[in-house]
Amino acid sequence: MDVLNPMTYDAEEDQLRDRTKYSQMDKHLIPVEFQQQPVSTGTTIVAVEYDGGVIIGADTRTSSGTFVMNRFTDKLTQLTDRIFCLRSGSAADTQAIAQVVTYQLDFLSAEMNEPPLVRIAANCVRRMIYQYRDDFLAGMIVAGWDKKLGGQVYSCPLGGLLVRQPVTLGGSGSTYIWGYLDNNYRPNMTQQECYDFVLKGITLAITRDGSSGGCARIAIINKDGVERIDVLGNDLPKVFDL
Amino acid sequence: MSSIGSGYDLSASQFSPDGRVFQVEYANKAVEASGTIVALRCKDGVAFAVEKIVTSRLYESGSNKRIHNVDQHIGMAVAGLLADARQLLTVARDEAKQYKYDYGVSIPVKYLADRLAMYMHAYTLYGFVRPFGCFILLAAYESDGPQLYGVEPSGVTYNYFGIAVGKAQQTAKTEIEKLKLSELKLEDGIKEAAKIIYQVHDEVKDRMFELELSWVGKVNDGKHERVPTNVFEDAEKFAKASLEEADDDDDEM
């Protein structure tokens with residue numbers, strides 16, 4: 001856990017959750033938005049493999065109903081040096097899963113004396129989701145690079161499935177861009193082509209999905225390391241405004 | 001080389017004045033009394049050859065095997081007390097099973113060797129249990145090549161190119177050192193291992209023995225198994241032929 005780059009933690013969200021339980025008076029004090037909706041990363045997340053690594057991207061909106069709780073969220077959570085997870089669903093649930101899996105992988109890599117495989121990270125995430133499938137609302141994507149198989153993307157959706165895919169989408173915004181993916185994804189794209197694909201996909205989803213918005217956060221993971229790029233709102237590719 | 005413990009050898013929880021744990025050393029004696037195992041890490045796989053000593057003609061052939069599978073990809077050969085080894089086999093299988101359940105991939109043999117060593121070591125710490133009287137050899141063919149690990153009764157693991165354990169370990173080790181293992185192919189390695197077993201087998205002390213051969217490597221895609229019948233027969237023939245050439249050391253190969 002790096003002190004200089006702490007994991008995104010929504011203090012308001014945490015306190016609010018407790019507050020709504022303690023007193024009935026709160027109903028009169030707290031705006032309606034806080035009371036009714038759980039905080040979710042209604043989201044768009046995209047991950048694609050390319051030769052030598054993966055490119056992952058997400059929007060930056062955390063919403064509680066119609067209230068935007070955080071407009072610059074970091075949904076790209078680092079599990080190990082070269083493995084990230086993309087979080088969609090309940091912010092609390094996905095943060096908890098990411099924390100536990102980070103610990104598990106840390107411990108395992110100390111025992112094995114080498115960085116963990118992406119498949120192992122994906123399995124740890126999947127096991128948690130499956131074990132608590134009735135309680136969690138978490139759709140996650142685990143993507144990264146390891147020495148054995150190179151760049152890999154694994155999808156771990158709601159019920160506890162694990163499947164490796166060359167490209168995958170997640171979150172509420174993904175529904176609007178499956179067509180874009182089907183039309184524009186080709187295997188063996190270059191790193192730049194994959195980057196453009198991810199960025200355009202997130203942008204398109206942001207324009208149509210109310211629960212996705214803000215900016216785009218992208219990360220390129222390969223054997224040399226992780227490169228993080230934040231594309232701010234006005235720098236997103238232009239989409240024709242009707 | 002027998003050393004008398006003189007009072008410091010009654011339990012594994014005691015050190016001797018010169019810093020030895022005699023119970024662990026006695027466990028090694030149990031290993032040295034068992035039939036020989038020869039394990040060779042060849043260029044593209046690992047070969048096990050085990051001299052399974054048969055004490056009576058009344059036993060069914062193939063009973064009390066000394067080579068087992070831990071997971072599909074890891075083979076285990078045991079020297080020493082067979083009953084102790086059986087428990088360690090169960091432990092190893094449990095570890096492999098749990099790893100696969102937790103992480104979704106097959107257990108790396110290095111990790112399994114470490115876990116098994118930790119388990120065996122735990123039994124050398126207390127006075128109310130005794131150390132395991134067996135030497136475990138683990139072999140696998142993984143993405144970074146063939147691997148051969150050994151675990152002693154004390155709980156130490158080593159990574160081997162070639163090793164012999166058991167009655168004739170000194171003689172067999174000398175024979176192994178004559179081979180160029182890094183250039184040896186698995187098909188030839190299995191024959192060499194069989195030959196060494198036949199060479200070091202003591203006809204006077206142990207009349208009957210069964211040869212057990214197994215391999216894991218590129219040839220069977222990393223799945224550890226006993227060698228096919230034709231390979232077994234070829235290896236036996238090779239071994240017996242080289243015996244008949246008496247003290248001739250330049251066999252074909």
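Contact here means heavy atoms within 4.5 Å. I need that for the packing around the second helix of chain B, which is where I started. The model is predicted, and I kept that in mind throughout.

**Entry 1: H2 of chain B**

I looked up helix H2 of chain B, residues 82-103. At 1.5 Å a residue its 22 residues should span 32 Å, and the end C-alpha atoms are 31 Å apart, so the helix agrees with the expected length. Next I listed its buried residues: B:Asp84, B:Ala85, B:Leu88, B:Leu89, B:Val91, B:Ala92, B:Ala96, B:Tyr99 and B:Tyr103. What do the buried residues of H2(B) pack against? Part of the answer sits in chain A, namely helix H4 (91-112) and helix H5 (118-131). The rest is from chain B: strands E3 (67-71), E4 (74-80) and E5 (134-142), plus helix H3 (109-122). Just past the helix I noted B:Gly104, which has a positive phi, near 80 degrees.

**Entry 2: H5 of chain A, from the other side**

Since H5(A) had turned up among the packing partners of H2(B), I picked a residue in it, A:Met128. Buried or exposed? A:Met128 has a relative accessible area of 12%, under the 20% cut-off, so I put it down as buried. Leaving out residues up to four places away in sequence, A:Met128 touches A:Ile97, A:Val100 and A:Phe136. I also took a C-alpha to C-alpha distance to A:Val118: ten residues apart in sequence, 16 Å in space.

**Entry 3: H1 of chain B and its ring pair**

My search of the whole structure for aromatic pairs gave 13 over all chains. One that I followed up is B:Phe22 with B:Tyr26: ring centres 6.1 Å apart and planes at 40 degrees, so I call the pair tilted. Both residues belong to helix H1 (residues 22-32) of chain B, and being four residues apart they are about one turn of the helix from each other. Their exposure is not alike: B:Phe22 is buried at 4% relative accessible area, while B:Tyr26 is partly exposed at 29%.

I then listed the buried residues of H1(B), which are B:Phe22, B:Gln23, B:Val24, B:Ala27 and B:Val31. Their cover includes E4, E5 and strand E8 (162-165) of chain B. E4 and E5 of chain B had already appeared in my list for H2(B).

UniProt, in an unreviewed entry, has "domain: Proteasome alpha-type subunits" over residues 8-30 of chain B. I checked what the model does there: 39% helix, 0% strand, and 19 Å between the end C-alpha atoms.

**Entry 4: a loop residue in chain B**

I went to B:Arg57, in the loop between strand E2 (45-54) and E3 of chain B. B:Arg57 has a relative accessible area of 73%, so it goes down as exposed. From B:Arg57 to B:Asp44 I get 37 Å, C-alpha to C-alpha, for 13 residues of sequence.

**Entry 5: chain A overall**

Chain A has seven helices and 13 strands. Of its 242 residues, 48% count as buried. Among contacts in chain A with a separation of 6 or more, 63% come from residues 24 or more positions apart. I have the accessible surface at about 12600 Å², with 51% of that belonging to carbon and sulfur atoms.

**Entry 6: A:Thr43**

The unreviewed UniProt entry lists A:Thr43 for "active site". Where is A:Thr43 found? I located it in the loop between strand E1 (40-41) and strand E2 (45-50) of chain A. Its relative accessibility is 0%, so A:Thr43 counts as buried. Beyond its neighbours within four places in sequence, its contacts include A:Asp59, A:Lys75, A:Arg87, A:Gly171, A:Ser172 and A:Asp209.

**Entry 7: H7 of chain A, and more rings**

Helix H7 (residues 191-208) of chain A has 18 residues and reaches 26 Å, close to the 26 Å expected. Its buried residues include A:Cys194, A:Tyr195, A:Phe197, A:Leu199 and A:Ile206. Among the elements covering the buried residues of H7(A) are E2, strand E3 (53-59), helix H6 (178-184) and strand E12 (216-222) of chain A.

A:Phe197 came up again in the ring search, in a cluster linked by ring pairs with A:Tyr180 and A:Tyr185. Last, I found A:Arg217 over the face of A:Phe72, at 3.9 Å from the ring centre.

Key: Residues numbered from 1 in each chain as written. Chains lettered and ligands numbered in written order. Predicted model: local features only at pLDDT ≥ 70, side-chain atom pairs only at ≥ 80, totals over all residues. Heavy atoms only, no water. Phe/Tyr/Trp six-rings, centres within 6.5 Å; stacked < 30°, edge-to-face > 60°. Helix = DSSP H or I, 4+ residues; strand = E, 2+ residues; numbered from the N terminus. Buried < 20%, exposed > 50% of the residue type's maximum accessible area, 1.4 Å probe, protein only. Lys NZ or Arg CZ within 6 Å of the ring centre and 35° of its normal. Areas by Shrake-Rupley, 256 points an atom, 1.4 Å probe, with all protein chains shown as cover. UniProt positions renumbered as here; feature names shortened; annotations may be inferred. Expected span 1.5 Å × (residues − 1).
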